[in-house]
Amino acid sequence: MPHSGDKDKPLYMISVAAELTGMHPQTLRVYEQKGLVNPGRSRGNTRLYSQNDIERLNLISTLTDEGINLAGVVRILDMRERMDAREAEIDELRERIRQLEDEVHEYRMRERITSLARYEGGGPEQVLRGLLEGTNG
């Protein structure tokens, strides 16, 4: 399975991108001019489209086929990008919450061990026994 960065790699010249999307090369140029797609450029200034660009163009084609004008397409793409950014942020926050929960659990276990050792004055076996009895009781 390709890495997400691989999908951003500029690979396809405009003729190939046009064939992959079923669009005319001039349509691709218009979409670039309107900011709907931003292909990379080769050293010779040739447009090079990535797999993400192809997928975006296919989505644009689907939306326009459904009767949505380009202004509407721009708004939909913008909302979609913002939604993707929020989902990524939520995933990061969920991961951070998991990390913090693990840290809190570890902290509580250390505090419990310390308090049992301090008050029972016992060795590690007694502390462990106290912990096990505390979780079962």
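Helix 1 and helix 3 cross in a right-handed sense. In this predicted model, the two helices pack with their axes 10 Å apart and at an angle of about 45°. That angle makes helix 1 oblique to helix 3, because it falls neither under 35 degrees nor in the range 65 to 115 that counts as roughly perpendicular. On the side of helix 1, the contact is made by A17, L20 and T21; helix 3 contributes I54, L57 and N58. Sorted by class, the residues of this contact are four nonpolar and two polar, with no charged residue.

Helix 1 also packs on helix 2. Here the axes come within 9 Å and cross at roughly 100°, so helix 1 and helix 2 are roughly perpendicular to each other. I14, A17, A18 and T21 of helix 1 meet P25, L28 and R29 of helix 2. This contact divides into five nonpolar residues, one polar and one charged. A17 and T21 of helix 1 take part in the contact with helix 3 and also in the one with helix 2.

These helices belong to a protein chain with five helices and three strands. Read from the N terminus, the order of elements is β-α-α-β-β-α-α-α. Of the 137 residues in the chain, 20% count as buried. Among contacts between residues at least 6 apart in sequence, 47% join residues at least 24 apart.

The next topic is the nonpolar core. In soluble globular proteins, nonpolar side chains tend to be buried together. The largest nonpolar core in this model has 15 residues, and those touching the most other members are L28, Y31, L36, Y49, L57, I60 and V73. Helix 1 (14-21), helix 2 (25-33), helix 3 (51-65) and helix 4 (70-120) each give two or more residues to this core. The largest share, four residues, comes from helix 3. Two of the core residues named above also appear in the helix contacts: L57 in that of helix 1 with helix 3, and L28 in that of helix 1 with helix 2.

L36 shows what surrounds one of these core residues. Apart from neighbours within four places in sequence, L36 is in contact with Y31, R56, I60, L70, V73, V74 and L77. Among these partners, Y31, I60 and V73 are also listed with L36 as core residues that touch the most other members.

V73 recurs in the surroundings of two further residues. T64 lies in helix 3 and is partly exposed, because its relative accessible area of 26% is not under the 20% that would count as buried. Leaving aside neighbours within four places in sequence, T64 is in contact with Y31, L70 and V73. I68 is found in the loop between helix 3 and helix 4. With a relative accessible area of 26%, I68 is partly exposed as well. Not counting residues up to four places away in sequence, I68 touches L63, V73 and I76.

The last stop is N45, in the loop between strand 2 (40-41) and strand 3 (47-49). N45 has a positive phi of about 70° although it is not a glycine. The relative accessible area of N45 is 51%, and therefore N45 counts as exposed, for which the cut-off is over 50%.

Definitions and conventions
Residues numbered from 1 in each chain as written. Predicted model: local features only at pLDDT ≥ 70, side-chain atom pairs only at ≥ 80, totals over all residues. Heavy atoms only, no water. Core = buried A, V, L, I, M, F, W, Y, C linked by side-chain atoms within 4.5 Å. Buried < 20%, exposed > 50% of the residue type's maximum accessible area, 1.4 Å probe, protein only. Contact = heavy atoms within 4.5 Å. Axes fitted to C-alpha atoms, helices over the stretch in contact; angles between N-to-C directions. Parallel < 35°, antiparallel > 145°, perpendicular 65-115°, else oblique. Left-handed = near helix turned anticlockwise from the far one by under 90°. Nonpolar A, V, L, I, M, F, W, Y, C, P; charged D, E, K, R; others polar.
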